[in-house]
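Colleague: I have this model open beside me and would like a close look at a single part of it. Please walk me slowly through the surroundings of the ligand, and add whatever else helps me find my way.

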Amino acid sequence: MKLLVTGGAGYIGAVLVNKLIDAGHQVNVIDDLSNGFVENVGENANFINGSILDNDKLNRALEGVEAVFHLAAKIRVEEGERQPELYKKVNIDGTLNLINKCIDKNIKKLVFASTAAVYGDPEDFPVNEDSKVNPVNVYGLTKLEIDKYLEKNAKSLGLSSICFRFFNIGGALKTKKGNWLKIKHEGATHLIPSILHSSNEKPLLIFGNDWSTKDGTPTRDFVHVVDLVEALIKSLTKLEIPGNQIINLGTSTGSTVLEVVKTAELALKKTISYRFTNRRAGDSFALVTSNEKAKQVLGWVPNKSLSEILQDAQAELLANH
Ligand SMILES: NC(=O)c1ccc[n+]([C@@H]2O[C@H](COP(=O)([O-])OP(=O)(O)OC[C@H]3O[C@@H](n4cnc5c(N)ncnc54)[C@H](O)[C@@H]3O)[C@@H](O)[C@H]2O)c1
């Protein structure tokens with residue numbers, strides 16, 4: 001099948017492009033390289049260096065395409081608070097631009113990368129697709145805007161779409177050629193990169209140890225990027241009937257920050273220095289999802305462990321940085 005991956009030079013997009021090509025698909029990629037690496041794309045994909053806001057480039061990227069995986073986005077929560085207009089422009093206007101172009105070109109299949117951030121500080125543990133949405137930051141708001149747009153309009157537009165709400169993604173991919181796809185570490189504030197970059201001089205900061213969890217630190221749901229991409233690829237066969245589906249992608253198993261630190265110490269065979277500091281505004285005590293719907297709809301079960309996520313993330317860091 002001929003496919004487009006937007007944001008295909010980024011962290012998750014590059015793994016997806018690699019796996020789609022391995023599976024025999026023809027892949028176009030559009031990415032403005034604002035947070036990606038061209039070398040991640042590989043010579044077998046057709047790379048277009050440009051923005052989803054650029055109509056000419058987008059037209060080229062969509063030529064002959066049957067389905068679109070839309071991953072291009074601005075993704076940093078703190079940056080979104082400082083530059084809300086930029087986040088709205090890329091994540092909302094850019095996505096609507098892409099959807100309109102798909103409709104114009106009679107492309108009916110769309111997979112959208114949404115996020116657990118739409119649930120904000122959820123009341124449910126674990127959350128599911130019917131849990132209340134209440135994003136607490138601009139990034140989550142921009143993603144929810146598209147989820148809502150597709151829920152409301154996909155069917156009447158004749159579009160078959162899935163909004164996947166990704167939980168915390170970690171790990172890395174070593175390609176068949178033997179290289180690790182590159183991950184951008186600069187500015188990354190996620191827990192696993194922060195653990196890998198911690199040292200005695202610069203200990204990991206843990207935001208709060210007084211949450212109502214078993215050890216007082218927040219609980220999160222970590223999925224290996226290779227497992228996540230398997231779910232995305234499986235969804236290609238589920239895009240036949242017009243309408244939108246929302247599916248959470250997580251392991252249904254929560255790990256507290258301290259549990260991740262302990263697992264990292266065992267998996268990476270080193271001591272992780274950390275220090276507690278105040279809670280951050282907008283954080284939640286737990287963000288873990290049931291994956292019953294993903295199992296039912298896709299037959300998807302993630303199978304990589306937290307140790308594998310940490311080991312692969314460390315291997316990428318050692319190989320590429
Ligand atoms: N990594 C996670 O844990 C996580 C969790 C939830 C949701 N997501 C979603 O998954 C998707 C991929 O995330 P990621 O972690 O790979 O991020 P990433 O930043 O590595 O990838 C996004 C890519 O989009 C590109 N891009 C940004 N603006 C663009 C534009 N205007 N036009 C074209 N390309 C543009 C960037 O250069 C980058 O290569 C995003 O939509 C993100 O919101 C990621």
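Modeller: Happy to. Let's start with proline 126, which sits in the loop between β5 and α5. Do keep in mind that this is a predicted model. The peptide bond joining phenylalanine 125 to proline 126 is cis, with omega at about -10 degrees. The loop leading into β5 from the other direction, between α4 (84-104) and β5, holds asparagine 106. Although asparagine 106 is not a glycine, its phi is positive, at about 65 degrees.

β5 also takes us to the ligand, since it gives the most to the surrounding shell, with three residues. In total, 27 residues surround the ligand, and the closest are Ile12, Asp31, Asn35, Tyr139 and Lys143. By class, that shell is made up of 15 nonpolar, nine polar and three charged residues.

For polar contacts, look at the backbone. Tyrosine 11 has a polar backbone atom 2.8 Å from an oxygen atom of the ligand. At isoleucine 52, a backbone N or O atom is 3.0 Å from a ligand nitrogen atom. Leucine 71 likewise brings a backbone N or O atom to 2.8 Å from an oxygen atom of the ligand. Taken on its own, the ligand has 820 Å² of accessible area, and the protein covers 95% of that. The elements giving two or more residues to the shell are α1 (11-22), β5 (109-115) and α5 (138-157).

Since you may be scanning for other sites, here is the second largest pocket, with a volume of about 290 Å³. It is lined by 15 residues, and those closest to its centre are Asn18, Gly42, Asn44, Thr175 and Lys177. The lining of this second largest pocket divides into four nonpolar, six polar and five charged residues.

One more landmark is a sheet. It is open, built from three strands in the order β12-β9-β14, with mixed pairing. β12 (255-256) and β14 (286-287) are its edge strands, each pairing on one side only. Strand β9 (residues 219-220) runs parallel to β14, and two bridges connect the pair. In one of these strands, β14, you will find leucine 287, the bridge partner of arginine 220. As background, strands of a sheet pair through backbone hydrogen bonds, either parallel or antiparallel.

Notes. Residues numbered from 1 in each chain as written. Predicted model: local features only at pLDDT ≥ 70, side-chain atom pairs only at ≥ 80, totals over all residues. Heavy atoms only, no water. Near = heavy atom within 4 Å. Polar contact = N/O pair within 3.5 Å; in protein donor to acceptor, adjacent residues only side chain to side chain. Areas by Shrake-Rupley, 256 points an atom, 1.4 Å probe, with all protein chains shown as cover. Helix = DSSP H or I, 4+ residues; strand = E, 2+ residues; numbered from the N terminus. Nonpolar A, V, L, I, M, F, W, Y, C, P; charged D, E, K, R; others polar. Pairing = 2+ DSSP bridges. 1 Å grid on protein atoms, 1.4 Å probe; cavity = no way out; pocket = protein on both sides within 12 Å on 5 of 7 lines; lining within 4 Å. Points joined across faces, edges and corners; volume = space filled by probe spheres on them.
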